[in-house]
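Work through the exercises below with the sequence and the coordinates open. Each task is followed by a solution in steps.

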Amino acid sequence: MSVSTFVQPVTTNNEHFSLCTALAKQHGTPLLVLDVNQVRENYLALANALPNVALHYALKPLPHIDVVNALNELGGCFDLATNGEVDLVAQAGVMPSQVIHTHPIKRVSDIEHAVAYGCSTFVFDSENELYKFEKYSDKVELLLRLSFPNKDAAADLSKKFGVTVADALPLLKKAKELGIRVRGLSFHVGSQTMDPQKYVYAIEQCKTVFEMALAQGVGTMNTLDIGGGFPVSYTGNTIDINEFCAPIRAALAQWPDTTHFIAEPGRFIVASAMTHVMSVMGQSQRGSLRWYYMDDGVYGAFSGRVYGEPEQRFYTQYSTEFAAGEPSVLAGPTCDSIDVIGDNVLLPALQDGDLVFTQNMGAYSWTTSTDFNFFAKAQLISLNSSMLVAEVG
Ligand SMILES: *Cc1c(COP(=O)(O)O)cnc(C)c1O
């Protein structure tokens with residue numbers, strides 16, 4: 001299937017925001033508008049940029065059934081980490097051969113549940129975890145997760161998971177002693193990684209580990225999982241994913257032809273597919289700044305403001321251009337002082353009830369929302385969830 005299959009006529013911000021305004025009138029705010037066609041497009045663009053890599057969508061940033069169904073229809077695979085994620089793909093009729101389970105630390109009951117569904121590839125990064133797989137050694141194969149710290153990422157997952165290159169060999173040896181097959185290595189260079197060289201370095205280090213393991217007779221591995229982390233353009237600087245992946249393709253080309261490559265993209269698949277709509281609840285002048293109190297905030301869809309997600313741009317019904325107006329504060333609805341979405345946002349004068357739009361809200365927003373203070377999570381509305389509609393459109 002070509003990348004252009006689902007490309008729709010270019011919609012301007014104006015047209016898209018009028019559609020979102022109509023939906024907000026109908027459903028109320030806060031509202032998240034998911035365009036499933038954009039999910040399909042993102043998937044196909046990355047598949048095109050990484051042609052020999054099996055893309056396993058990591059459910060974590062947006063565990064939604066419409067996303068799972070759309071990717072399943074395109075022949076996509078999935079990266080699961082929890083029982084809830086296992087249940088969601090099972091509900092969508094995803095075959096167990098299409099999934100891997102990549103949480104390095106699991107309860108015995110998590111392994112039981114995933115194995116019962118039929119998942120046969122799991123990730124580990126400690127000796128302790130290996131013992132949990134002893135009784136499943138005839139049913140499962142493992143990937144060993146390596147750690148490549150990346151302080152520039154929105155989330156540096158190597159702080160919490162993965163072993164160093166030096167610690168990899170003893171673990172591979174231990175697995176062999178226990179009769180558990182390790183079929184490869186995995187890593188995650190950090191979410192929203194802007195520098196493809198981070199992947200290249202990790203891929204080269206993994207190659208060394210593969211070769212050492214072979215030389216020392218501790219295993220013949222055939223799989224390399226390069227994780228997620230693929231970046232999204234939040235600030236208007238366009239990232240060409242094909243160009244971004246060129247050095248990664250070159251690094252993978254150094255590996256034996258028989259290697260099975262996997263990636264676990266999360267953010268890249270869904271971030272640009274969702275637009276958020278919120279309303280002004282009230283406002284006040286505090287010193288030189290206009291404060292707008294919105295009906296969603298950091299305890300809701302903007303939780304990413306707390307854990308290092310990139311800043312977003314805000315658009316209004318008066319200006320579909322970014323950064324028009326006076327320096328203002330966009331605050332969330334709760335009675336907590338940290339509930340501020342942006343403290344220096346250029347906005348035109350807004351009335352109570354006016355709408356503010358935020359693009360690129362598909363990843364780590366809906367799923368991490370709470371209903372703190374009883375402010376309900378934003379409702380999610382899907383557009384183009386049926387493939388039929390997509391093809392006609
Ligand atoms: C979160 C996560 C992903 C997805 O990462 P993105 O940066 O959203 O692409 C993939 N794999 C694992 C193991 C993760 O924890």
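A residue counts as buried when its relative accessible area is under 20%, and as exposed when that area is over 50%. The model is predicted.

**Exercise 1. State what percentage of the residues of the chain count as buried, and describe the surface that remains accessible.**

Step 1. With the cut-off above, 54% of the 393 residues are buried.
Step 2. The accessible surface of the chain is about 16800 Å². Carbon and sulfur atoms contribute 52% of this surface.
Step 3. Charged side chains number 26 positive and 41 negative. The centres of these two sets are 6 Å apart.

**Exercise 2. Decide how compact the chain is for its length.**

Step 1. List the secondary structure: the chain holds 11 helices and 16 strands.
Step 2. Compare two values: the radius of gyration is 22 Å, and the globule rule gives 21 Å for 393 residues. The two values are close, so the chain is as compact as a globular protein of that length.
Step 3. Add the extents: along the principal axes, the C-alpha trace spans about 70 × 45 × 40 Å.
Step 4. Turn to the contacts with a separation of 6 or more: 71% of them join residues 24 or more positions apart.

**Exercise 3. Work out the surroundings of Asn 42.**

Step 1. Place the residue: Asn 42 belongs to helix H2, which covers residues 36-49.
Step 2. Apply the cut-off: Asn 42 has a relative accessible area of 7%, so it is buried.
Step 3. Set aside neighbours within four places in sequence; the contacts of Asn 42 are then Phe 268, Ile 269, Val 270 and Ser 272.
Step 4. Look for a polar partner: the Asn 42 side chain reaches the backbone oxygen of Phe 268 at 3.4 Å.

**Exercise 4. Find the polar partners of the Asp 110 side chain.**

Step 1. Asp 110 sits in helix H5, residues 108-117.
Step 2. The relative accessibility of Asp 110 is 7%, so this residue counts as buried.
Step 3. One partner is the side chain of Asn 83, in a polar contact at 3.3 Å. Another is the backbone nitrogen of Arg 107, reached at 2.9 Å.

**Exercise 5. Identify the buried residues of helix H3, then inspect what follows the helix.**

Step 1. Helix H3 covers residues 65-73, and its buried residues are Asp 66, Val 67, Val 68, Ala 70, Leu 71 and Asn 72.
Step 2. Recall the helix geometry: an α-helix has 3.6 residues a turn, so residues three or four places apart point the same way.
Step 3. After H3 comes Gly 75, with a positive phi near 85°.

Notes
Residues are numbered from 1 along each chain as its sequence is written. This is a predicted model: local features need pLDDT of at least 70, side-chain atom pairs count only at pLDDT 80 or more; totals for chains, interfaces and linings use all residues. Side-chain values use heavy atoms; hydrogens and water are left out. Helices (H or I, at least four residues) and strands (E, at least two) are DSSP runs, numbered from the N terminus. The radius of gyration is taken over C-alpha atoms; the globule rule is 2.2 Å times the number of residues to the power 0.38. Buried means under 20% relative accessible area, exposed over 50%, partly exposed in between (1.4 Å probe, protein chains only). Contact means heavy atoms within 4.5 Å. Accessible areas come from the Shrake-Rupley method with a 1.4 Å probe; for residues, only the protein chains shown count as cover. Lys and Arg count as positive and Asp and Glu as negative; His and the chain ends are not counted. The place of a charge is taken as NZ of Lys, CZ of Arg, CG of Asp or CD of Glu. A polar contact is a pair of N or O atoms within 3.5 Å; within protein, one must be able to donate a hydrogen and the other to accept it, and residues adjacent in sequence count only if both atoms are side-chain atoms.
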